[in-house]
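Biologist: Hey, can you pull up the model so we can chat through it? I'd like to start with one residue and its neighbours.

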Amino acid sequence: MEHRLLADVVSKLGEFLILSPKFTDAAFSLISNPFTSEQSLTSLLETLVAHLQNPDINHATLFSLLSALSNHHPRLRHRISAAAHAFVLLPTTATPTLPHALSLIEPAELTPFDPFSDESMFLSLCFWQCVKTRRWTLRNVSKFHVRPSVFLTVLLGLTKDPYPYIREAALDGLVMLSNGGIVVDDRSLIECCYFRSVELLFDAENSVRCSAVRAVSAWGQLLVALSPDKTKADWSDALFVQLCLMVRDREMEIRVAAFSALGNIRTVSEDILMLTLAKKALSGTNEKTFPGQYTAKLFKLPATAAVFTFVNGLEDEFYQVRKSACHAVKKMTVLSAKFAGEVVYILMQILNEDSVVVRLQALETLHHMAMHDHLKVEESHLDMFFGALVDGNALIRSAARKTIQLTKFQKLAMFRSCIDVLIKNLELCPQDEADVFYALYKIGRSHGKYVTKIIHEVSQELEPSPYGKLGFTKVRTIALLVLAISAPVSLERQISTIRPEIYSYAVTLLGRLTRGLGGLTDQNALLDYLSHCSRFTVGSTSESFGEVLDFHLKDSYFQLQKRSETTCVEIVFQKIVDLWPLIQLGCMNEVIRTLRSWKEELQLFSLDSRPPAGVLVFALKYLHVIKLLGKAWACYFSKRNLHFNGIGILEALLCKTERRLKEMLHRFTGLSRGVEMHILELMLVTYTLRLPYGGGTIFFEDYTSKVTSVFCRVENLGKEESTQPFPFLIDLQNISHEIGNSRDGFIHKPELLQKSLNLFSLKQIVVSEKLDYLDAEIDVFDNDFQNPLPFISGLPVGIPFDITLHNISLGTRLWLAITDGEKSTQFVFLDLHEFGGCNEIRKSAFVAPFFRTPKVKHFVLKVSVVMECLSEGQHSKHLNGPKQNFIYLSKGKEIHLSTAEK
């Protein structure tokens, strides 16, 4: 079927100059089918490329097929790019076909003649009569490398084009150039671009005005940056007032863009900012004008144009505008405490509106104000502010708690009301317990005197029952205990402001308290703190107490909470070297206990970073490898354990170690040569331990091939760094040659391997802070055993996936591995060009087919993202999947499917 379809496509290409839709459908089916053979794809590509030289054929159709071929089969992209480049150089190439060809050229593959540097080609495309050609050129202006003067002259000229799409694209091109496309030092040229963009704020077309807003913002900020210090503030105010005009535009999208642009302005005078909240002009601003344009014919910009700007925006009929205005206010509150004090009442009013996204943005703005100490909450605000704490939406409640934690209350009554509402939040929404506990503790730390007074008032509620039982079951009592442990104490003088037995009562809630304060401490440290404070004496409330709570007391190991992630990892890497002698002595209980304590300390940092930092993930994986290797080492050198437990235990440990080491080698970018060599050394130790102790556990050929491959990488690293390999590596290489040349192989020479292993020791490694961890996440919306996806037995089924990739570059080859219950795996290639985002994070939603649906009513698939290890050079055994060995980047996601109901 495939060959017949290909023959039909090739024959029609040779017979017809005008290609029918039936032909293109047949060609697209070959291209998009994942099971089309490499030979057929290559033949189709060669046929399409050969017909490019025919001047009479429809080149647009050919290039659309080549584009689909490039997108579906990235391995052919280099050849397609070369063919498109050759087509551009043909003297018979017509100008309308140039955009199709240029869009397929990869910049990295260009020959000395770069078509994107050809000014004559650029100008001919910009002034071609076809609107589509001009528009494509302007939208891809960043690809061209011509003189800045040519760029600006052409773009400024095209802003007067009669077609609105061209004016819009020209303005977008100006924005791109201002954001780093070229460097412009001529202030007069910048003024020209700015005022031309200002003129187009009054264009009749909505899309042009929207692009003009962005252009005015971009070139206005450049103009402000190049202005002298004396006039910088005036130009910044002029830009601000000019954009304020657009918040009254009749189109919602333009008002959103205007507020977004206002939020990007870095400096504004306080009197201008206050105008945005006033209903009429303030004294001293009536006569003030700025350079700009007030209407299509009035070229003086009065300061009064800013009147009521933010009030109008925050009360707009569209929630998108209100959200954008709220975000702009967030940026402005940093510039003026007076402005922040005036706008807080309007923000509080917004907390009562219907739109969740606007309420969230308002709470984020209030949180931002609190962070900069510009949030002054009055008693009149409390009902609206505290109402968000008992909102029906979990996101609103969470954002409100984060803002409350940073709020400073001026009166005890206000603080007491806040505590009461938090307790009410806990009563109405028990699922918020951990977050409420954290908020109670944080707000208590910043209001120590109020906490002390409240705890003294309610001390009777914290007493045990008359029968002496500490059964704290009331939500209010538990919340007050959390508030109580935030009271001021002096660790040095061992005195507290509340009765010490309250700390003893809190111990009964240790598990729940630990979950709530998990971002601050662990369970052991919290228990130490509560036990320590329970032995304190009560001090006078007039005494001065330390306000910084140190859960990790002075004898706590490493004091990791006071250090940065990188410093803590460095300490662990320094100390772990000292564990190797204990491993050699067989003291694995002590080693495992130490490794566990380090792991728990490092994991505290992962609570504050999502996803965790690469250096932190590397350290945790390294600790796990040392634990596995230590257990395997102890098992290998203990005849009794090896005989009693069997070879299978050792084999399982070493298989896990090898898998983890491969992950460390391939899932981190930015590893230094020394760290990479140390990982390779650990792999060689693993391979050596897998050789038998009196019997075979792996084939000798397998050992030889793996060791040879690792030694090749070690030699390459040694050449790059000009460093001498470790003694263990040198000795093992010599022994491997000796064993390989002997007839009896390794069977009679285990003592040589043991001697070599005795030369090994752990090395202190230094890991870069810029280490990136390659990770992937898979999600299928609303799918579990109660909500399975429907399928029909024997027919393919489409599975909708949401995939998120972290730190994955475009050169990485990723596959989706779909495994059914029979352990057979189907692979689906992931084209990273279809993912949105950048290397740091990429996201895509698509439907993947699964072909082998069984004849059952229900079944479960396990899906993972895998990455080919291109540097290993070892081929995989999968026919329709990765060509190289691969590693898993994500946890297996279970997909539940059930036959569709008739």
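Modeller: Leu 360 touches Leu 395, Ile 396 and Ala 399, leaving out residues up to four places away in sequence; contact means heavy atoms within 4.5 Å. Keep in mind that this is a predicted model, where local features need pLDDT of at least 70, side-chain atom pairs count only at pLDDT 80 or more, and totals for chains, interfaces and linings use all residues. Residues are numbered from 1 along each chain as its sequence is written, and side-chain values use heavy atoms, with hydrogens and water left out.

Biologist: How far apart are the C-alpha atoms of Leu 360 and Ala 399?

Modeller: They're separated by 6.9 Å, though the two residues are 39 apart along the chain.

Biologist: And which helix is Leu 360 in?

Modeller: Helix α19, residues 356-371. Helices here are DSSP runs of H or I with at least four residues, strands are E runs of at least two, and both are numbered from the N terminus.

Biologist: Is Leu 360 buried or exposed?

Modeller: Leu 360 counts as partly exposed because its relative accessibility is 23%. Buried is under 20% relative accessible area, exposed is over 50%, and partly exposed is in between (1.4 Å probe, protein chains only).

Biologist: New topic: what about the whole chain, how much of it is buried?

Modeller: Of its 902 residues, 51% count as buried.

Biologist: How many helices and strands does the chain have?

Modeller: There are 38 helices and 17 strands.
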